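Open your viewer and get comfortable. We will go from stop to stop, and at each one you will be told what to select.

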Amino acid sequence: MIDCQISVHIDAPPARVWSILLDVERWHEWTASISRIERLDSGPLLVGSCASIHQPRLPAGVWQVTHLDPSCGIFHWATRSVGVTATGCHVIEPEDAGTRATLWLEFAGVLAPVFVWLLHSQNCRYVTMEAEGLKHRSEQPVIPPHQELADS
């Protein structure tokens with residue numbers, strides 16, 4: 001059952017949006033829906049990679065990458081609780097002179113309808129924050145590292 005799907009146009013190339021999306025430990029810098037993410041493994045993000053995610057008003061959860069296809073711009077990860085699996089889905093596609101990012105949450109399991117009913121409003125706020133934050137971060141100019149040091 002899909003809950004809270006949003007698509008945004010981003011005035012940045014897909015490769016830039018993809019790199020920001022996969023840098024999960026920095027999400028807290030661009031979305032208020034995330035307080036902190038801690039990778040539980042090292043190296044590049046791969047299917048099977050896990051992270052502990054802390055979000056306002058929700059218990060911390062361990063999310064595991066379930067599908068990752070850079071050639072199609074697809075990144076899904078899921079967390080499980082008693083009676084429900086929540087999957088965060090992200091698709092990055094070229095569009096006009098930029099990128100279309102589509103984000104949504106999927107719920108499965110016997111308690112999925114209850115979770116959707118209880119958390120729909122909050123889920124929609126968080127998915128919207130993430131889409132808008134990804135757009136804002138991706139559209140900011142890239143400052144070369146040497147210029148950043150010179151400005152300090």
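A residue counts as buried if its relative accessible area is under 20%, as exposed if it is over 50%, and as partly exposed in between, using a 1.4 Å probe and protein chains only. Before we start, please note that this is a predicted model, where local features need pLDDT of at least 70, side-chain atom pairs count only at pLDDT 80 or more, and totals for chains, interfaces and linings use all residues. Residues are numbered from 1 along each chain as its sequence is written, and side-chain values use heavy atoms, with hydrogens and water left out.

**Stop 1: a residue in β3**

Select Ala 51, which sits in strand β3. Helices (H or I, at least four residues) and strands (E, at least two) are DSSP runs, numbered from the N terminus. Is Ala 51 buried or exposed? Its relative accessibility is 1%, so Ala 51 is buried. Now show its contacts, meaning heavy atoms within 4.5 Å. Leaving out neighbours within four places in sequence, Ala 51 touches Ile 37, Glu 38, Arg 39, Leu 40, Gly 61, Val 62, Trp 63 and Trp 77. Add Thr 79 to your selection: its C-alpha atom is 9.9 Å from that of Ala 51, and the two residues are 28 apart along the chain.

**Stop 2: a residue in β6**

Next, select Thr 87 in strand β6 (residues 84-95). Thr 87 is buried, at a relative accessible area of 14%. Which residues does Thr 87 touch, not counting those up to four places away in sequence? They are Trp 63, His 76, Trp 77, Ala 78, Trp 104, Leu 105 and Glu 106.

**Stop 3: the aromatic rings**

Select Trp 27, Trp 30, Trp 63, Phe 75 and Trp 77, a cluster linked by ring pairs. Rings of Phe, Tyr and Trp (its six-membered ring) pair if their centres lie within 6.5 Å; planes under 30 degrees apart count as stacked, over 60 as edge-to-face and the rest as tilted. By this rule there are four aromatic pairs. In one of them, the ring centres of Trp 27 and Trp 30 are 5.4 Å apart and the planes stand at 50°, so this pair is tilted. Trp 27 is buried at 2% relative accessibility, and Trp 30 is buried too, at 11%.

**Stop 4: two positive phi values**

Most residues other than glycine have a negative phi. Select Cys 4, in strand β1 (residues 2-10): Cys 4 is not a glycine, yet its phi is positive, at about 65°. Cys 4 is buried, with a relative accessible area of 11%. Then select Arg 57, in the loop between β3 (50-54) and β4 (61-69). Arg 57 also has a positive phi, near 65°, but this residue is exposed, with a relative accessible area of 68%.

**Stop 5: two helices**

Finally, select helix α1 (residues 14-22) and helix α2 (residues 112-139), whose axes come within 10 Å and cross at roughly 120°. Axes are lines fitted to C-alpha atoms, for helices over the stretch in contact, and angles run from 0 to 180 degrees between N-to-C directions. From α1, Arg 16, Val 17, Ile 20 and Leu 21 meet Leu 134, Arg 137 and Ser 138 of α2.

Before you close the viewer, select Asp 11 in the loop between β1 and α1. Asp 11 is exposed, at a relative accessible area of 52%. Its C-alpha atom is 5.8 Å from that of Glu 139, although the two residues are 128 apart along the chain.
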